[in-house]
Amino acid sequence: MHCLKRIALILPLISALFLISASCSDKYFTNDGCTWGTTYHIVYRSHVNLADSVEAVMSHIDGSLSLFNPESALSAVNCGLTDSVDADFVRVFACAARVHALSGGMFDPTVAPVAGLWGFGPAGDVLAPDSAALASALKRVGLGSCRVENGMIVRADSLTAFDFSALAKGYGVDCIAEMLERNGCADYMVEVGGEIVAAGRNPSGKAWRIQIDAPVAEVHSRFDVVELGPARMALASSGNYRNFRVDSLGVRYGHTISPLDGRPVRTATLAATVSAADCMTADALATAAMCVAPDSALTMLAEAGARGLLILADGDSLRALTTPQFP
C-alpha cells in the first residue's frame, strides 16, 4: 500500500454509481485497490490493461509528495536535508499558492506543525495544545512567505514544513488521468478516496454518475447525485464529520485548522463538494471552503472559476448552498 496518507481506510465522501460487471465490454478495464491510506477505483476504455502504469503513477506520487513516507522528496525538504524541489512540488505549490490567496490565507499547507499539535500529523497523538505551544508552532506557518525560485524552495523560516495532503490526492488523480489520456483513453473515470476525474462515457454509454454523501459519520447516505462527462471534469469533497478528534474533556473538533490562530475552524459547513477543470484545484478549493464562512466560500469558488455545493448544519437538519450551474 502506498502511504501518501498513513491512516485507516476511510469512506470517501463521493463515489461512482454504476456496476461495471453489469455492462462492461472487453474494451473496458477496471483497476481497484488500496493506495495512500484509502481505496481507488479506476475504469477506462483501452486496448490494453494499464494497471502497471496506474501503479507506477501512484508509486511516483508517493515518492514525491507523501508526508508519511520518510524517503519522499517532500520529507527531505521538510527535514531540512535539501531546498531543492521536484516538478511535482512545483506544480502543487503553485496551486496551493493560488488557493491560499483566494481564501485570504486560510488555506495554508504550512499549517502542519499546528495540525500535529491537535493530533492530525504523522504521529496521530491527540493532544490539548496550550497557548505557548500554539504560538511557537505558528511562527513556522505562512505559505505567503514562501516561494519557489530556480527549482529551490525559499522559506522565511527554515523550519517551515509543507503538508500537501489537502491537494496531493487530487493531483495524483490528475496524473493518473493524464497517463490514461497519453495512452489514448477518452472514456475513463479515476476515483481515489472520493476524489474523481471523469471524461467520456461509462460502459453503458451514459454519463458517469457520482453520489455525494450526506454528512453522516461512518455510513454512506445519499445526499445528491451528479453526472460527469463527456467533457473532462473533476469533483472533490472535504468534510470534518469523518476526520475528527475528541480531547480528554470529550470536546470534538475537526481536522480543518486555522493558520491564523492555530485552532480548529468552526463554521456551519459540514461538507463541501467542488467541481473544477482539474482535481488538484477541486481538492484544494473543497478544503478551503471548509475554512471560511459559507458566503465567503461561494464567492471564492466563483472567483476561482469553479462550482460547488456546501452542506450546512441548520438546527437538526441539513441545508444546501450551491454556486450557479453546479452539475
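I looked up Asn202 and found it buried (under 20% relative accessible area, 1.4 Å probe, protein chains only), with a relative accessible area of 6%. Asn202 sits in the loop that joins strand E7 (195–199) to strand E8 (208–213); strands are DSSP runs of at least two residues (E), helices of at least four (H or I), numbered from the N terminus. Leaving out residues up to four places away in sequence, I listed Tyr28, Ala207 and Trp208 as touching Asn202, where contact means heavy atoms within 4.5 Å.

The model is predicted, local features need pLDDT of at least 70 and side-chain atom pairs pLDDT 80 or more, while totals for chains, interfaces and linings use all residues. Residues are numbered from 1 along each chain as its sequence is written, and side-chain values use heavy atoms, without hydrogens and water.

I next turned to helices H2 (residues 51–65) and H7 (residues 165–182), whose axes come within 10 Å and cross at roughly 145 degrees. Axes are lines fitted to C-alpha atoms over the stretch in contact, with angles from 0 to 180 degrees between N-to-C directions. On H2 I noted Ser53, Val54, Val57, Met58, Ile61 and Leu65 in the contact, and on H7 Ala168, Tyr171, Gly172, Cys175, Ile176 and Met179.

I then examined the largest nonpolar core (buried Ala, Val, Leu, Ile, Met, Phe, Trp, Tyr and Cys residues joined through side-chain atoms within 4.5 Å). Of its 68 residues, those touching the most other members include Phe164 and Ile176. H7 supplies the largest share of this core, nine residues. Apart from this core I recorded another, of 15 residues, including Val226 and Phe326.

Conventions:
Buried < 20%, exposed > 50% of the residue type's maximum accessible area, 1.4 Å probe, protein only.
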